[in-house]
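Here are a few short exercises for getting to know a new structure. Try each task with the viewer open, then read through the solution.

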Amino acid sequence: MEGWKKVTKRVHDKGGKIFIQLWHVGRMSHPDFHHGELPVSASAINPNSKSFTPEGFKDTVTPKEMTIADIKRTVSDFKNAAANAVKAGFDGVEIHSSNGYLFHQFFNGTSNIRTDEYGGSIENRTRFFFEVLDAMKEVIPQEKIGVRFNPSLDGLFGITMDKDTIPTFEYLIKKLNDYDLAYVHLSEPFTDVSENPFAVTEIAKHFRPLYNGTLMINTAFDQNKGNKVLEAGDADLIAYGKLFISNPDLVARFENHLELADWDQDTFYTTGAKGYTDYPMASKSLK
Ligand SMILES: Cc1cc2nc3c(=O)[nH]c(=O)nc-3n(C[C@H](O)[C@H](O)[C@H](O)COP(=O)(O)O)c2cc1C
């Protein structure tokens with residue numbers, strides 16, 4: 001918290017706002033992070049993926065199925081994390097319920113084969129997520145909570161779509177109309193899913209009519225593509241990933257139609273400043 005206070009203060013001093021993303025990666029973790037103990041998940045199913053460890057990417061393992069006590073403890077961990085985020089000066093938090101991590105492992109039928117109240121029906125598979133959201137809003141106003149989903153994620157991070165996948169996300173997003181969240185943040189498909197009978201290929205277009213609040217969309221946008229989606233009314237906000245890594249002053253570059261710098265893929269998921277804080281600013285005013 002003391003470390004993050006320095007960061008949030010610098011952002012606020014420059015008139016910015018900053019949210020922090022709260023994660024539990026579940027079975028995408030590795031025993032190396034847990035003194036040799038197994039990571040946990042909805043069910044004991046290996047995603048057969050890669051886990052990012054301090055020694056680089058390693059094969060994932062078969063996780064331990066979470067007990068009810070594990071689930072309750074994790075709900076309170078998220079609540080504590082949200083309270084700590086407020087103390088550290090963040091303007092809000094985003095629940096990382098996307099990209100094959102713990103909540104996604106509960107949503108997905110191939111990673112969740114539980115037979116208790118956290119498995120089976122859509123209502124059961126989304127129960128843990130809503131328990132976390134409800135606990136968090138006791139310590140941070142819900143208008144300061146965002147959530148992130150990747151509905152058409154398929155064949156990555158151990159997630160395989162089935163006939164219940166899109167209905168699960170439709171249920172989640174419709175139910176979020178009962179809340180007053182900062183935003184719902186969705187990703188367009190990470191891979192080509194045009195041949196997948198269970199997938200939705202245009203995520204913003206599909207989910208926009210289902211959600212009354214602020215909708216953010218992400219994945220492979222540039223300025224023009226982003227503006228088109230906004231003009232079509234398919235989303236309210238565009239999130240930029242890789243372009244923001246290589247262009248720290250991306251907003252000013254867009255505003256002034258300045259040239260964009262390419263990102264260096266080799267520095268993704270590495271440690272140290274290179275590739276994170278050493279991309280130059282094009283606009284002096286932001287230095
Ligand atoms: C190096 C790197 C780190 C990322 N870290 C996160 C992360 O911490 N949380 C998250 O939700 N997405 C993360 N992403 C995914 C991005 O948010 C985004 O979904 C993805 O890069 C696609 O959007 P883009 O085409 O604008 O880059 C990361 C992506 C990259 C390349």
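**Exercise 1: the two domains**

Find how the protein chain is divided, and what meets where the parts touch.

Solution. Start with the split: the protein chain falls into domain 1 (19-239) and domain 2 (240-287), with bounds that come from an automatic or database domain assignment. Next, look at the contact, which takes 6 residues from domain 1 and 4 residues from domain 2. Two residues are in contact here if their C-beta atoms, placed from the backbone, lie within 7 Å. On the side of domain 1 that touches domain 2, the residues divide into 4 nonpolar, 2 polar and no charged. For those classes, Ala, Val, Leu, Ile, Met, Phe, Trp, Tyr, Cys and Pro count as nonpolar, Asp, Glu, Lys and Arg as charged, and the others, Gly among them, as polar. Finally, the C-alpha centres of domain 1 and domain 2 lie 26 Å apart.

Before going on, a word on the model. It is predicted, so local features need pLDDT of at least 70 and side-chain atom pairs count only at pLDDT 80 or more, while totals for chains, interfaces and linings use all residues. Residues are numbered from 1 along each chain as its sequence is written.

**Exercise 2: the whole chain**

Count the helices and strands, then judge how compact the protein chain is.

Solution. You should get 10 helices and 10 strands; these are DSSP runs numbered from the N terminus, with helices (H or I) of at least four residues and strands (E) of at least two. The radius of gyration, taken over C-alpha atoms, is 19 Å, close to the 19 Å that the globule rule (2.2 Å times the number of residues to the power 0.38) gives for 287 residues, so the protein chain is as compact as a globular protein of that length. Along its principal axes, the C-alpha trace spans about 60 × 45 × 40 Å.

**Exercise 3: helix 1**

Check the length of helix 1 (residues 2-13), and see whether it is covered.

Solution. The expected span is 1.5 Å times one less than the number of residues. For the 12 residues of helix 1 that gives 16 Å, and its end C-alpha atoms are 17 Å apart, which agrees. Now for burial: a residue is buried if 20 or more other C-beta atoms lie within 10 Å of its own, exposed if 12 or fewer, and partly exposed in between, with C-beta atoms placed from the backbone. In helix 1 the number buried is 0, so it lies largely in the open. Helix 1 is followed by glycine 15, whose phi is positive, near 80°.

**Exercise 4: two unusual phi values**

Compare the surroundings of phenylalanine 157 and tyrosine 269.

Solution. Most residues other than glycine have a negative phi. Phenylalanine 157 has a positive phi, near 55°, and tyrosine 269 also has a phi near 55°. Phenylalanine 157 sits in the loop between strand 7 (145-149) and helix 6 (165-175), and it is buried, with 23 other C-beta atoms within 10 Å. Tyrosine 269 comes in the segment after helix 10 (250-255) and counts as exposed, with 10 C-beta neighbours inside 10 Å.

**Exercise 5: around the ligand**

Which residues come nearest to the ligand?

Solution. Of the 15 residues around the ligand (C-beta atom, placed from the backbone, within 6 Å of it), the nearest are Thr219, Ala220, Gly241, Lys242 and Phe268. Sorted by class, the shell has 6 nonpolar, 7 polar and 2 charged residues. Domain 1 and domain 2 each supply at least three residues of the shell.
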